[in-house]
Structures are given as C-alpha cells and as structure tokens.
Amino acid sequence: MSISEKYFPQEPQSPELKTAIPGPQSKAKLEELSAVYDTKAAYFVTDYYKSLGNYIVDADGNKLLDSYCQISSIALGYNNPALLKVAHSDEMAVALCNRPALACFPSTDYYEILKKGLLSVAPKGLDKVCTAHTGSDANEMAFKAAFLFQASKKRGDKPFTSEELESVMENKLPGTSDMVILSFEKGFHGRLFGSLSTTRSKAIHKLDIPAFEWPKAPFPQLKYPLDQFQAENKAEEERCLKALEEIIVNSPAKIAAAIIEPVQSEGGDNHASPEFFQGIREITKKHGVILIVDEVQTGGGASGKMWLHEHYGIVPDIMTFSKKMQNAGFFFSEAGLAGDQPFRQFNTWCGDPSKALIARTIIEEIKDKNLLTSVTETGDYLYSKLEAISAKYDKMINLRGKGRGFFIAFDAPTPELRNEFIAECKKLGLNIGGCGEQGVRLRPALVFEKKHADILASIIDQAFSKI
C-alpha cells in the first residue's frame, strides 16, 4: 500500500470536473466575499472540508489534482489524519486558547516542542531557532538580527552614547543605521515593508511603497539543458560572483547581510549550481557579510532534502523558513544574532506554539514515512516524463530541476502562452502555478506519488497539445 493510500484511502483516483472553473457556486461566493474582503487574486473558492490528499475541491464540487498546494504550503496533503489528530489534542487546545507571549512567558513544553520538531531538523551548523509568524516576518527579523549583530560587533563593549539615544528618537544617525541588505535580481523575500526592498521579482509587488536604497547583485541566467551549456553557464556564474564581490567592496554603506533563495521561486524558478552558492558563501565570509538563505518556499522537504541549500554543501549564518513547515522563523548559531539585550528582537508573540506543534507533526511524519526518499524517487520519475513531453513540444522550454525532487519548472515561450497553458490545465483538472514572466512551477505535497505524476504528466501533455 502506498503512502497516499495509507493516509487517504478515499482520495480521488483522478480529477473530476462538473463545471467550468470558476463555476457558479465559486462565482457567487466570490461576489459575496468581495463585499468585505479583497478577492481580486482569487482563482476559485475552495471547500477545505472536502479537499483530500493531493486533490483540492472547489465550491462547485470540482476535484483537481493539486500541484500548487497553497503556493507550496501544504506538506502532507489536505486533511492529513496525523495533523487532524494533533489539531484535536489537549496540547493544541491549550496552545490556541492561551496564546502566549513567548519571549516573556514561554510555556512549560515549548522547549520539548521545538526539540522534537524544528530543532530536530535544524540545518547543519545552525542549532538555535527564533520563531515568527510568516515568511516575510521571518526575513525581516533576520534583517534585524544582522543589523544588530553588525552594530554590536562594531560598538564592542561600549555602552550606547547619549547622541545615539537621542538621535534615534528622531530617526537619524548615529542612533539609526546606514547599513544595508543586499539581495539578488529576480529574488523574492516578502511583501512587508523592509522585505519589499529586497524583493526584485515583479514591479507590481513594490509599486507605490517607499523603499530603502539597498543594493542588488546579478543572479545567473542559465541556459538549459544544463549538461549542454556547461561552459556558458560556468562563465555566467563567474561573472555574477565577480560582480557580487565588486558591489560589496565598493558599497558606500556597510553591507550587513546578503539574502538569497536556493532556487529563486516567485522570480521564475531560477536555478544555479552548487559552485555558485559556494562562491557566495566564500565571498560573504571574506568580507564579513552575514549570509541569509531564504528557505521560505524551498524548505520543508520538497527538494528531496529537508532544506534545499543542503544540496550545495554550504552553511549560512541564518536560514529563514515558513510555508511547508506551517510555522516560520529563522535558524542560527551565533548567539549575538539573537540580540545583545532583551526586547531588541521582540514582538508580542514571537511565534505561535500551535504552529510549532503542527511543524513537529509534519517533521515526525516526514521521518516516519521516509518522505524525503519518496520525493527524490518520484521527482526523478516525474522529471523523466516531462523530458519526454518537452521533446514533443517547442512550446515547453527550459525544463529544469533535475535531481531536485519536486523543484521542477519549465517555461512557455511567451507570458501569454504560459497563461493560456495554466488555464487549459485547470480545464483538464490540474491546479498548477506560474512564476516569473513565463515560468510554470510544480509545488506538490510530499505525499505526491508516481500515480499522481502520471496524471500530471498526461494533463500537461494534453494542455500543450491544445494551445
């Protein structure tokens, strides 16, 4: 019996469509909801009571195979019994009803929850965790950690000066900081105020919002298939590494940290080699720049490893996470990154023990069901099927993600054709997502298996034949 059959014996065997998408019930509910809530980005209204395993069900009863999974946020499939069990537990009820201000009043069981959950999969070299609420929140807290650490290192054991204490209340130097965060072209790190200044994926994300004048470095634009363009891609990565070091050396302001995704997700599912990331790690260490690896979308096992940067053999200073963990925060090891005094890295809740319980359960299931091995095997199987489809259609280009589990993507030749393809997939019963201007990304749950890959590949084949 397969993993999904054990979890979801009643899971649909294939997509089932009753209406167009969105159907009349979805349209009616969207109209009702739009009077009080912004629904402009909604695709359809979901029935989460009926969604199961790898299938999402809409308000009209349409059952779609879901390879998008709430923008990469569903780890174990819809209504997973292990998660439902912990949701009905006494410890979950206590965590929800007594929502603690964790920094001031941590719960008696929080250490054990973290030890058995998040800390049990801490990335190599990072043995401490700071919990947060969202991916954007985790990144902004990581920025604060880098700023505070760099300032503390510069100040040494000296106390704050009266000039610092007075000027900071006027939002002026020297009490504030003129240090900066470096990010990479086409990167995405969130939509909150500070994180937007590091997000470079689409203009619509940033328009009309004040921004910090923070630097950006080039991210390699590789050619695919990778094995056919090794020399060109190596030269491109070397160009980007050289540019990164020049930006750091010539920056008029101290670069406190550099943030990068192991695979750029929102910006187009852009990949780079282990050697490129190893080069970034070497350069940042050389110049005293904190390296933040943003695993908000890439982490949680979908690459076949718990954290995608583990494929590259690097140890960052900070690694942020969210999405598939159903929790958020950052891992670190240097004690100074937690701040040198109380209340400097602080908010009312500093995370949520209910979400830490969900994360613990997800991690336990990943280990118990050996899901990382399953992801690797199914990912390789799916990639081979997509290779065959790509050879059939010149409308499916730049297939990438070999050896990276479910972190597989491809492009259409134009944004218009990509959008038409995604719409056609929905008509055929597949929920799939885009990224960048013309990319299509796969983000299935970790319980997605070969039988699901067969259906997905068949629908992709049909969709390309129709557009």
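Author: Buried means under 20% relative accessible area, exposed means over 50%, and partly exposed is in between (1.4 Å probe, protein chains only). This is a predicted model, where local features need pLDDT of at least 70, side-chain atom pairs count only at pLDDT 80 or more, and totals for chains, interfaces and linings use all residues. Residues are numbered from 1 along each chain as its sequence is written, and side-chain values use heavy atoms, with hydrogens and water left out.

Reader: What makes phenylalanine 343 count as exposed?
Author: Its relative accessibility is 61%, and exposed means over 50%, so phenylalanine 343 counts as exposed. Phenylalanine 343 sits in the loop between β9 (328–332) and α11 (353–368). Helices (H or I, at least four residues) and strands (E, at least two) are DSSP runs, numbered from the N terminus.

Reader: What is the phi of phenylalanine 343?
Author: Phi is near 75 degrees, a positive value in a residue other than glycine. Glutamine 70 also has a positive phi, near 55 degrees. Glutamine 70 belongs to helix α3 (residues 69–72).

Reader: Why is glutamine 70 called partly exposed?
Author: Its relative accessible area is 30%. That lies between 20% and 50%, so glutamine 70 is partly exposed.

Reader: Why is histidine 189 called buried?
Author: Histidine 189 has a relative accessible area of 3%. The limit is under 20%, so the residue is buried. Histidine 189 lies in the loop between β4 (180–184) and β5 (216–217). Not counting residues up to four places away in sequence, histidine 189 touches residues including Ser136, Asn139, Glu261 and Asp294. Contact means heavy atoms within 4.5 Å.

Reader: Why are α13 and α14 called oblique to each other?
Author: Two packed helices are described by the angle between their axes and the distance between the axes. The axes of α13 (residues 415–427) and α14 (residues 450–466) come within 9 Å and cross at roughly 125 degrees. Axes are lines fitted to C-alpha atoms, for helices over the stretch in contact, and angles run from 0 to 180 degrees between N-to-C directions. Angles under 35 degrees count as roughly parallel, over 145 as roughly antiparallel, 65 to 115 as roughly perpendicular and the rest as oblique. An angle of roughly 125 degrees falls in the rest, so α13 and α14 are oblique.

Reader: Which residues make the contact of α13 and α14?
Author: Phe421, Glu424 and Cys425 come from α13, and Ile459, Ile460, Ala463, Phe464 and Lys466 from α14.

Reader: What makes phenylalanine 421 and phenylalanine 464 a stacked pair?
Author: Their rings are 4.3 Å apart, centre to centre, with 25 degrees between the planes. Rings of Phe, Tyr and Trp (its six-membered ring) pair if their centres lie within 6.5 Å; planes under 30 degrees apart count as stacked, over 60 as edge-to-face and the rest as tilted. Both values meet the limits, so the pair is stacked. Both phenylalanine 421 and phenylalanine 464 are buried.

Reader: Why is the pair of tryptophan 307 and phenylalanine 321 called tilted?
Author: A search of the whole structure finds 19 aromatic pairs. In this one, the centres are 6.3 Å apart and the planes 50 degrees apart. That angle is neither under 30 nor over 60, so the pair is tilted. Tryptophan 307 lies in the loop between β7 (290–295) and β8 (318–321), and phenylalanine 321 in strand β8.

Reader: How do you know that tryptophan 307 is buried?
Author: Its relative accessible area is 0%. Buried means under 20%, so tryptophan 307 is buried. Phenylalanine 321, at 0% relative accessibility, counts as buried too.
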